[in-house]
Every structure is written in structure tokens, then in C-alpha cells.
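Here is a short tour of charged side-chain pairs and one glycine in a loop. Have a look at the structure first, then read on.

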Amino acid sequence: MADPGARDIVAYPTILDGDVTNNGPTTDDKCHVLYFVCHAGSGTVTLDGLTIKGGYSESGGTGAGVHLSGFTLVVRDCTFKENQAAGPGGGLYCLGNWGTHLTIERCVFERNIGTMGGGLY
């Protein structure tokens, strides 16, 4: 099995980009980059070494970069940048119900926009 500690996420980034039109986060993109919803609270997801950028959610939408509800999410060594939500949590939105748990380790939030918690709500 490969050692994840041996990778170089700066030299070889993995970028998940919601900016499908390549003109910045605008209304023509209308997407969350990642969207996790589970009403049973039984799932666990780990995001490790990713750049999540260019997400856009409109009309009170939340979590343009990542929207989380009902999962356990571990986010490690990730960068959230240039995500824009018309509601809270431009970079990452965590709805604390149905067994939702969030752990964040060594992450960077930069230039995210939201009505509350531009980077994280």
C-alpha cells in the first residue's frame, strides 16, 4: 500500500474545481464541488490533500466547496479557496444534525465568500 505521507501535495496537487466555465465562481456554474448528505448518520468520509475551489451556490445555498449533513467527515491537509455561497459556509458548510461530525486538521481557507462563515460554517 502506498504511503500517503510520501506524496508531495504542493508539487502534485489534486484540484477539485467547480468553475466549469473557467471564468471564476459565477451563476453559470451553480454547483457544490462536493455534496454529502446521509440521513442515517452512518457514513465516514476522509478528504486528504485536496484543493477544493471554484464552487458556487446561489439563492441562499450553503457550502459551495463542501456541503455536509449526516456524515462523519475528516478533512486533512486540504485547501478551500475561491468558493462562493449565497448563504453560510462558502468553503465548507456543516449541518450539525443526524450524527454529523467534523474534524479539520492542517487546512487552509482562503478567499471564500458566504453570508456567514465565508470559509467555514
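A residue counts as exposed when its relative accessible area is over 50%, as buried when that area is under 20%, and as partly exposed in between. Arg111 has 54% relative accessibility, so this arginine falls in the exposed class. Keep in mind that this is a predicted model.

**Salt bridges**

Side chains of opposite charge can pair when their charged atoms come close. How many salt bridges does the count come to? The count comes to six. Three of the pairs are listed here, with their N to O distances.

| Acidic partner | Basic partner | N to O distance |
|---|---|---|
| Asp17 | Lys53 | 3.9 Å |
| Asp77 | Arg106 | 2.8 Å |
| Glu110 | Arg111 | 3.6 Å |

Let's start with Asp17 and Lys53, whose side chains meet in a salt bridge at 3.9 Å. Asp17 sits in strand 1 (residues 14–17) and Lys53 in strand 4 (residues 50–53), so this pair ties together parts that are 36 residues apart in sequence. As for solvent, Asp17 has a relative accessibility of 35% and therefore counts as partly exposed.

Next up is the salt bridge between Asp77 and Arg106, with N and O 2.8 Å apart. Here both partners come from loops: Asp77 from the one between strand 7 (71–76) and strand 8 (79–81), Arg106 from the one between strand 11 (101–105) and strand 12 (108–110), so the pair links parts 29 residues apart in sequence. Are these two buried or exposed? Asp77 is partly exposed, at 23% relative accessibility, while Arg106 is exposed, with a relative accessible area of 57%.

Then there is Glu110, whose side chain meets that of Arg111 in a salt bridge at 3.6 Å. Glu110 is partly exposed, with a relative accessible area of 27%, whereas Arg111 is exposed at 54%. Elsewhere, salt bridges that share partners join Asp48, Arg76 and Glu105 into one network.

**A glycine in a loop**

Now over to Gly60, which you'll find in the loop between strand 5 (56–57) and strand 6 (66–69). Its relative accessibility is 48%, so Gly60 counts as partly exposed. Which residues does Gly60 contact, leaving aside its neighbours within four places in sequence? They are Ala86 and Gly87. Another glycine to check against it is Gly114: the C-alpha atoms of Gly60 and Gly114 are separated by 9.4 Å, with their positions 54 residues apart along the chain.

Technical notes:
Residues numbered from 1 in each chain as written. Predicted model: local features only at pLDDT ≥ 70, side-chain atom pairs only at ≥ 80, totals over all residues. Heavy atoms only, no water. Salt bridge = Lys/Arg side-chain N within 4 Å of Asp/Glu carboxyl O. Helix = DSSP H or I, 4+ residues; strand = E, 2+ residues; numbered from the N terminus. Buried < 20%, exposed > 50% of the residue type's maximum accessible area, 1.4 Å probe, protein only. Contact = heavy atoms within 4.5 Å.
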